[in-house]
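Visitor: Could we go through this structure together? I would like to begin with its internal voids and then look at a single residue.

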Amino acid sequence: MTNRSTKGIWKVISASSMGTMIEWYDFYIFGSLAVVISTKFFPSDNPTAAFLSTLATFAAGFVVRPFGALFFGRLGDLIGRKYTFMVTLLLMGGATFLIGCIPSYETIGFMAPLLVLVLRLLQGLALGGEYGGAATYVAEHAPVGQRGYWTSWIQTTATVGLFISLMVILATKNILSAEEFDAWGWRVPFWVSIIMVGVSYLIRKNMSESPVFAKAKSEGNTSTNPLKESFGHRYNLKFVLLALFGATMGQGVVWYTGQFYAMSFMKTVMSIDSSQVDTLLGIALIMGTPFFIVFGWLSDKVGRKYIMMGGMLLAILLYRPIYKTMYQTTDVKTKTELTDKTTLLAELKENKKQTMDSIYTTNKSYTDGTTFLEVKTVSLENGKAMVVDGKPKVETKTTVTINDHDRWMLIFLIFIQVIFVTMVYGPIAAFLVEMFPAKIRYTSMSLPYHVGNGIFGGLLPAISTYFVTHAKDAGDPEFYLEGLWYPIVIASVCFVIGMIYIQNKNKNTHV
């Protein structure tokens, strides 16, 4: 095969990356606002159950991604890459905008979580068709021997989309008061996406079809039944399964642990102020994102396998020490207390209804600059205090504001996890593209990618949070580490399969 020129490839990269970044932004806004969303679209009488329900709804969008991969992958191999991922862009943008328009649970009851779930499923279907199209489109424009480098730009879009979602949320919080953001401001990031989608659509509209697909189509070499050829033939199916169990399954759990679980862990387990968490994660992502390009480029030189497997192995060995250090960094039990003040803010009683709404706040400060705020509120149901085992049910919300030293320590620990992400994720688009022939590439690579990321990776926040909650209720002193068993086990299985069966190639004969 002749070496394609890089002329014009930056236009291809820009158009593909912008659209893909916006779709990731749309998808992750929901995860970034999971804590807020749990209070808006789900019953408020059980905050833990509401949060877990939100994470489950978030995960549902991942679970349907493989179906989107099959549907849109088939279209991409039949009619072309360009038109298929233009449809996915519009579907994603419309669903995201509408999530920001849904009335709260208090207004329309169970229709609220139902509508959120439906739109979340549409998002998942759209994203299932987007990534394979963008990665294939870029790879088919790239010169052979440089696919790792050029496709790694697409790999940055997921992290950049997450970063922008965090920045939009922070900007909205800074512009609005806390009361305004809680009342309606949280909807703004959903609404903003429709503007970005419109711009991206106009850019993609003027793109040309992939030269590889255009050539295959003109020569009559496109597939008439991509699904059957991808999964009905034993030879190709073997590579689909190897891609899943030897690469994308482990890559998926490492990706979501290093970015989403880290965020959820700091907010819900470590009780760090939400805005601080977004800032910490944003800084770590800025520092780590260039390494997608570094490892993508390196994979062209030394091969994809050992970089991806190395990232998995480091994650397997270091996750528990990293998260133990993260937890201990802000554990107020290990700090020297400076002040402690408890205040009764309100106590209301009505003789007729016997209602009670008592709010206690406890403010503590520590010698290293850490502050601790605990708010205890008596739960109400139908205007009356909820009673459990003869005592009023009390809800407790804790917020820790960290000092500068702890802040930079956490940024460093998150940055290390992002490096693991860049190692497993940077080369994987080129790795997947090169496993399959052009006429069934969109379909064949999309399914293992989205099963690995959508199911094994997407279920991680909900499964890991459940493990942590269960261990905490059981009185485990290291409950905060239990959620890591899921990514460690999945990555370990993938590492063993990948090391045994994947060949260390940086290119092959497929065009």
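**Cavity and strand**

Guide: This is a predicted model. In the lining of the largest cavity, α13 gives the most, with five residues.

Visitor: How many cavities of 30 Å³ or more does a search of the whole structure find?

Guide: The search finds one. The volume of the largest cavity is about 110 Å³.

Visitor: Which elements give two or more residues to its lining?

Guide: They are α1 (9–32), α2 (34–40), α3 (47–63) and α13 (234–269).

Visitor: And which residues lie nearest the centre of that cavity?

Guide: Of the 13 lining residues, Gly 31, Ala 34, Phe 51, Met 263 and Ser 264 lie nearest the centre.

Visitor: What is the make-up of the lining by class?

Guide: The lining of the largest cavity has eight nonpolar residues, four polar and one charged.

Visitor: Changing topic, where is Glu 337 found?

Guide: Glu 337 belongs to strand β1, which covers residues 337–346.

Visitor: Is Glu 337 buried or exposed?

Guide: Glu 337 is partly exposed, because its relative accessible area is 39%, and that class lies between the 20% limit for buried and the 50% limit for exposed.

Visitor: Which residues does Glu 337 touch, not counting those up to four places away in sequence?

Guide: On that basis, Glu 337 touches Lys 364, Ser 365 and Tyr 366.

Visitor: What about Thr 367, how far apart are Glu 337 and Thr 367 in sequence and in space?

Guide: Glu 337 and Thr 367 are 30 residues apart in sequence, and their C-alpha atoms are 6.3 Å apart in space.

Key. Residues numbered from 1 in each chain as written. Predicted model: local features only at pLDDT ≥ 70, side-chain atom pairs only at ≥ 80, totals over all residues. Heavy atoms only, no water. 1 Å grid on protein atoms, 1.4 Å probe; cavity = no way out; pocket = protein on both sides within 12 Å on 5 of 7 lines; lining within 4 Å. Points joined across faces, edges and corners; volume = space filled by probe spheres on them. Helix = DSSP H or I, 4+ residues; strand = E, 2+ residues; numbered from the N terminus. Nonpolar A, V, L, I, M, F, W, Y, C, P; charged D, E, K, R; others polar. Buried < 20%, exposed > 50% of the residue type's maximum accessible area, 1.4 Å probe, protein only. Contact = heavy atoms within 4.5 Å.
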